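Biologist: I should like to go through this model with you step by step. Please give the reasoning behind each answer.

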Amino acid sequence: MRNGIRIVTQNSNWLTFIVAAALLFFVQCKDNDSRQNAYFQNPLQNPADGPAAGNQDGNYPIPAEAGLEDVSNPTQIIGTGTPESVTEETFIKAVAKGGIITFNGGNKPFTLKLTKTAKIYNDASQYVVIDGGGLVTISGCGKVRILYMNTCDENMHWTTSHCQNQEFPQLTVQNITFADGNSSSETEFDGGGAIWVRGGRLKIVNCRFFNNVCATKGADVGGGAVRVFSQYNNLSVYVVNTTFGGASGYGNIGSNGGAISSIGVSWTFINCLLSYNMAIGNGGNPAQAGTSGGGSGGAIYNDGNTMTLSVLGSRIEHNSVNAFGSSIFFVSNDHTGSIKIDQSLIQLNTGGSWYPVYPSISMHADTKISVSNSIIK
């Protein structure tokens, strides 16, 4: 169940899919407070193609701004009704142009295979929404990163004099599976096997991340699936109803942050599942003598200053590390950061050390942490 309702449908044709997509998100006030419930149709749960999106036991209220974006009037529709019509070239061109992007590849799940990374240009569109309709898996084929956005990369066109803190572009990915992304060959902008983002805003809703890989050695490189820097005004990255791994054989891998990695970025995970991810570096940060460094944050790696982490209605389990933080590594260098965990289960994460307050969570002993209605063991 998701907030009392879980709707499972099999789309019979493309028209049905468009109608369903238009109804994916609506808001209902809850208890007259500022929190609201977002209801999901979740077709991302076919046992034949991997675990479902999100924590199936999660029931945490979702703010309206964290829910699905409206894609009922797309700017671009990729494909003409068959999987073959959804090509790498059309996808990469659509992402470069921006706007609201949907797919018309038929009414059955299919995979779009990439040999090149799709890149977002900072001056193309303020908002980029990529919606897979629950049918699309985008694969890096074990060779390339899938998506890249960087407001400070001159090749992506500078649009302000303060690229490290600008409001746009704002990227939302929703109803998509990201699989087999691999950024290991990247050197300048390393980490983020599936998605790498700096600047603007990032939101992830109703997605799955399977078998994505970034560099497996290095003291501060990471994010097997996602790596993020410099979000506008230090606003939080929302990750909602999303699975990273989810079952044995589906996990994401990096030197640090098996699922996600960031520096100076705040995160809010709502009704998510992070499991079977691995941080396989060795030696921590700074690297111990004789090691290449890394191995911290089995699921989540947060480093930097003035940041927050909220884990709400989520499960973090069966992740592993070689160094620190088998579930969460959270180091606020200026000791201003804070952690909130509510209605969540954190268990069965293995490896590592330096757990001053809670098992599997590495942080400064004076880090403010609030835990309610949760189990950490």
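**Core, loops and pocket**

Modeller: The model is a predicted one, and a convenient starting point is I130, a residue of strand β7.

Biologist: Is I130 buried or exposed?

Modeller: The criterion for burial is a relative accessible area under 20%. Because the relative accessible area of I130 is 1%, I130 counts as buried.

Biologist: What is the separation of the C-alpha atoms of I130 and T102?

Modeller: I130 and T102 stand 28 residues apart along the chain. Among the residues that I130 touches are I101 and F103. The C-alpha atoms of I130 and T102 are separated by 6.2 Å.

Biologist: Which residues of the largest nonpolar core touch the most other members?

Modeller: That core has 59 residues. I130 touches F91, V95, L147 and L171, among others, not counting residues up to four places away in sequence. V226, with the same neighbours in sequence set aside, touches residues including I195, L202, I204, F209, F244 and W267. The members with the most such partners are F91, I130 and V226.

Biologist: How many residues does the second, separate core have?

Modeller: Y238, V240, I270 and L312 are included in this second core, which is separate. Its number of residues is 9.

Biologist: What percentage of the contacts in the protein chain, at a separation of 6 or more, is accounted for by residues 24 or more positions apart?

Modeller: The chain has 2 helices and 30 strands. Buried residues make up 58% of its 377 residues. For contacts with a separation of 6 or more, the share from residues 24 or more positions apart is 81%.

Biologist: Which part of the accessible surface belongs to carbon and sulfur atoms?

Modeller: The accessible surface of the protein chain comes to about 14400 Å². Of this surface, the part that belongs to carbon and sulfur atoms is 51%.

Biologist: Turning to the loops, is C152 buried or exposed?

Modeller: C152 lies in the loop between β8 and β9. Its contacts, beyond four places in sequence, are with W158, C163, Q164 and R198. Since its relative accessibility is 16% and the limit for burial is 20%, C152 counts as buried.

Biologist: What is the separation of the C-alpha atoms of C152 and Q164?

Modeller: C152 touches Q164. The two residues are 12 apart along the chain, and their C-alpha atoms are separated by 6.6 Å.

Biologist: Which residue is joined to P169 by a cis peptide bond?

Modeller: P169 is placed in the loop between β8 (147–150) and β9. The omega angle of the bond in question is about 0 degrees, and the residue joined to P169 is F168.

Biologist: What is omega for the peptide bond from N285 to P286?

Modeller: P286 has its place in the loop between β20 (278–279) and β21 (300–304). The bond from N285 to P286 is cis, and its omega is near 5 degrees.

Biologist: N233 and N271 have positive phi values; which of them counts as buried?

Modeller: For N233, in the loop between β13 (226–229) and β14, phi is near 55 degrees. For N271, in the loop between β18 (267–270) and β19 (273–275), phi is likewise near 55 degrees. N233 counts as partly exposed because its relative accessibility is 43%. With a relative accessibility of 0%, the residue that counts as buried is N271.

Biologist: With which residues is T367 in contact, leaving aside its neighbours within four places in sequence?

Modeller: T367 is found in the loop between β28 (361–363) and β29 (368–372). T367 is buried, with a relative accessible area of 6%. Its contacts are F330, G337, S338 and I339.

Biologist: Finally, which residues lie nearest the centre of the second largest pocket?

Modeller: This pocket has a volume of about 250 Å³. Strands β7 (127–139), β9 (170–179), β11 (201–205) and β14 (237–240) each supply at least two residues of its lining. By class, the lining has 7 nonpolar, 3 polar and 4 charged residues. Of the 14 lining residues, those nearest the centre are E65, E69, Q170, T172 and K203.

Definitions and conventions. Residues numbered from 1 in each chain as written. Predicted model: local features only at pLDDT ≥ 70, side-chain atom pairs only at ≥ 80, totals over all residues. Heavy atoms only, no water. 1 Å grid on protein atoms, 1.4 Å probe; cavity = no way out; pocket = protein on both sides within 12 Å on 5 of 7 lines; lining within 4 Å. Points joined across faces, edges and corners; volume = space filled by probe spheres on them. Helix = DSSP H or I, 4+ residues; strand = E, 2+ residues; numbered from the N terminus. Nonpolar A, V, L, I, M, F, W, Y, C, P; charged D, E, K, R; others polar. Buried < 20%, exposed > 50% of the residue type's maximum accessible area, 1.4 Å probe, protein only. Contact = heavy atoms within 4.5 Å. Areas by Shrake-Rupley, 256 points an atom, 1.4 Å probe, with all protein chains shown as cover. Core = buried A, V, L, I, M, F, W, Y, C linked by side-chain atoms within 4.5 Å.
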